[in-house]
Amino acid sequence: MDVFKKNCRNNSKETYVRHYKRVKEVLGWRKLNRLNLVVMQDALNGLRTDNERKNTKKILVDMLEKAAASDLIYKNVAKQLITEYTKEEKKKRRVLTVEETRIFLEEAQNTSYYPLFVVALETGMRIGEFSGLQWEDKNNEKQEDIADMEQYKEEFIEFMVESDVLKFGEFTLKSGRKSPFFMNAGAYVTGSQLKRLGEYYAKAIHDNYGEDFDVLFGPAYKGIPLSVATVIAFYGLYGKEIRYCSNRKEIKDHGDVGILLGSKITDKDRVVIIEDVTTSGKSIEETFPILKEQGDVEIVGLMVSLNRMEKGKGGEKSALDEIRETYGFPTAAIVTMEDVVERLYNKECHGRVVIDDKLKAAIDEYFQIYGVK
């Protein structure tokens, strides 16, 4: 436990060591080829809480993944470890509305914590990331994190163009608007495309909502392959089993009856919703009641691949902001149209300039009418 990756934060090191020490006495002396599933499960069973088991499993999965990559072991069996036994009561989260956030900042303005609140709200950093910051991070690791995120966004934009999913021209949307750009997730059709798409979604969901959820729900129809590809990728990347679920357009009255496809949703389940793009929020309007009808279900958040950054049904805020305020759960996107324009305007992508001056003018004109301020 004395070797860490370059620029690893002290806070991360301490967390890693703390979780490892929980099972060091039982597992630390064993050879890699003796770390079978039974031995590791016994070690986890001896821990006090589900949360301790989850965090320790992450460490074991990470360590054995590197061992498997180096051909020191055949398979990473730590991914199969069971961590939930007590079904501890999870605290429900509620997102502050825009108005509540404004009031909170006004009240905090004259306190010494005000700058910290602003940084947390502006960056979206999680508690562990925020509390682990050091003064020297402001010009070092934070810049590296931002650079990594920008590269991640650029790669996804290039992937959408390469897959012919993000198109430019003249399109009539369901809302009747004439748009100079259009995104069609149905164009992801090959195995390699769906594999990469699932990984992009899994990383974005992990960065925004973590691993503490049970079900990934994809509204029919496009949400079905999105949810399936993403739960597969989530297991591959993080070793966490997430169940997929979708709704049927019509209730099935024979065989596997009901409105749901895939996993059932039950009391206390925590659910992340996944969609390709949200223009008006209509699909959430249809599926939110379905989810709530399944029992005491908590919606952790919504993840879409592209935020179109245009007015929703209310005519002032974006569809994602309207959803967040209406239903009280967070919303996020892998990239925004602002990111897309910044990456593609007068810059080559796969050997061609996708957004030239003429198309940029059309996009600007569209956002003058329908864009959010």
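## A friendly tour of strands, spaces and salt bridges

Let's start with a single pairing: Val 304 has Ala 333, in strand E8, as its bridge partner. Keep in mind that this is a predicted model. From that pairing we can move out to the strands around it, then to the empty spaces, and finally to the charged side chains, where the structure holds 21 salt bridges.

**Strands E7 and E8**

- Strand E7 covers residues 298-307, and five bridges join it to E8.
- The two strands, E7 and E8, run parallel.
- Helix H11, made of residues 319-327, joins E7 and E8 in a β-α-β unit, and this unit is right-handed.
- Is E8 largely enclosed or largely open? Strand E8 spans residues 331-336, and five of its six residues are buried, so the rest of the structure largely encloses it.

**The second largest pocket**

- A probe the size of a water molecule, rolled over the atoms, shows where empty space is left.
- The second largest pocket holds about 710 Å³ of space.
- Its lining is made up of 25 residues. Those nearest the centre of the pocket are Lys 174, Asp 276, Val 277, Thr 279 and Ser 283.
- Which elements supply at least two residues each to this lining? They are strand E2 (178-183), helix H9 (223-238), strand E6 (270-277) and helix H10 (282-292).
- Strand E6 gives the largest share of the lining of the second largest pocket, with four residues.
- By character, the lining of this pocket divides into nine nonpolar, eight polar and eight charged residues.

**The cavity**

- How many cavities of 30 Å³ or more are there? The count comes to one.
- The largest cavity has a volume of about 30 Å³.
- Its lining consists of Thr 278, Thr 279, Asn 307, Arg 308, Met 309, Glu 310, Ser 318, Ala 319 and Leu 320.
- Three residues of the lining of the largest cavity are nonpolar, four are polar and two are charged.
- Thr 279 turns up twice in this tour: it is one of the residues nearest the centre of the second largest pocket, and it also lines the largest cavity.

**Salt bridges**

- Side chains of opposite charge can pair when their charged atoms come close.
- Glu 65 and Lys 79 meet through their side chains in a salt bridge, with 3.4 Å from N to O. Glu 65 lies in helix H3 (residues 50-69) and Lys 79 in the loop between H3 and helix H4 (98-108), so this pair ties together parts that are 14 residues apart in sequence.
- Glu 65 counts as partly exposed, at 33% relative accessibility, whereas Lys 79 counts as buried, at 14%.
- Glu 325 and Lys 317 form a salt bridge with an N to O distance of 2.7 Å. Glu 325 is partly exposed, with a relative accessible area of 28%, and Lys 317 also counts as partly exposed, at 35% relative accessibility.
- Lys 360 and Asp 364 meet in a salt bridge of 2.9 Å, N to O. Where do Lys 360 and Asp 364 lie? Both are in helix H13 (residues 357-370), four residues apart, which is about one turn of the helix.
- Lys 360 is buried because its relative accessible area is 18%, under the 20% cut-off. Asp 364 counts as partly exposed, at 36% relative accessibility.
- Salt bridges can also link up: Lys 54, Asp 212, Arg 270 and Glu 298 are joined in a network of them.

Technical notes: Residues numbered from 1 in each chain as written. Predicted model: local features only at pLDDT ≥ 70, side-chain atom pairs only at ≥ 80, totals over all residues. Heavy atoms only, no water. Buried < 20%, exposed > 50% of the residue type's maximum accessible area, 1.4 Å probe, protein only. Pairing = 2+ DSSP bridges. Right-handed = clockwise from strand over helix to strand, strands pointing away. 1 Å grid on protein atoms, 1.4 Å probe; cavity = no way out; pocket = protein on both sides within 12 Å on 5 of 7 lines; lining within 4 Å. Points joined across faces, edges and corners; volume = space filled by probe spheres on them. Nonpolar A, V, L, I, M, F, W, Y, C, P; charged D, E, K, R; others polar. Salt bridge = Lys/Arg side-chain N within 4 Å of Asp/Glu carboxyl O.
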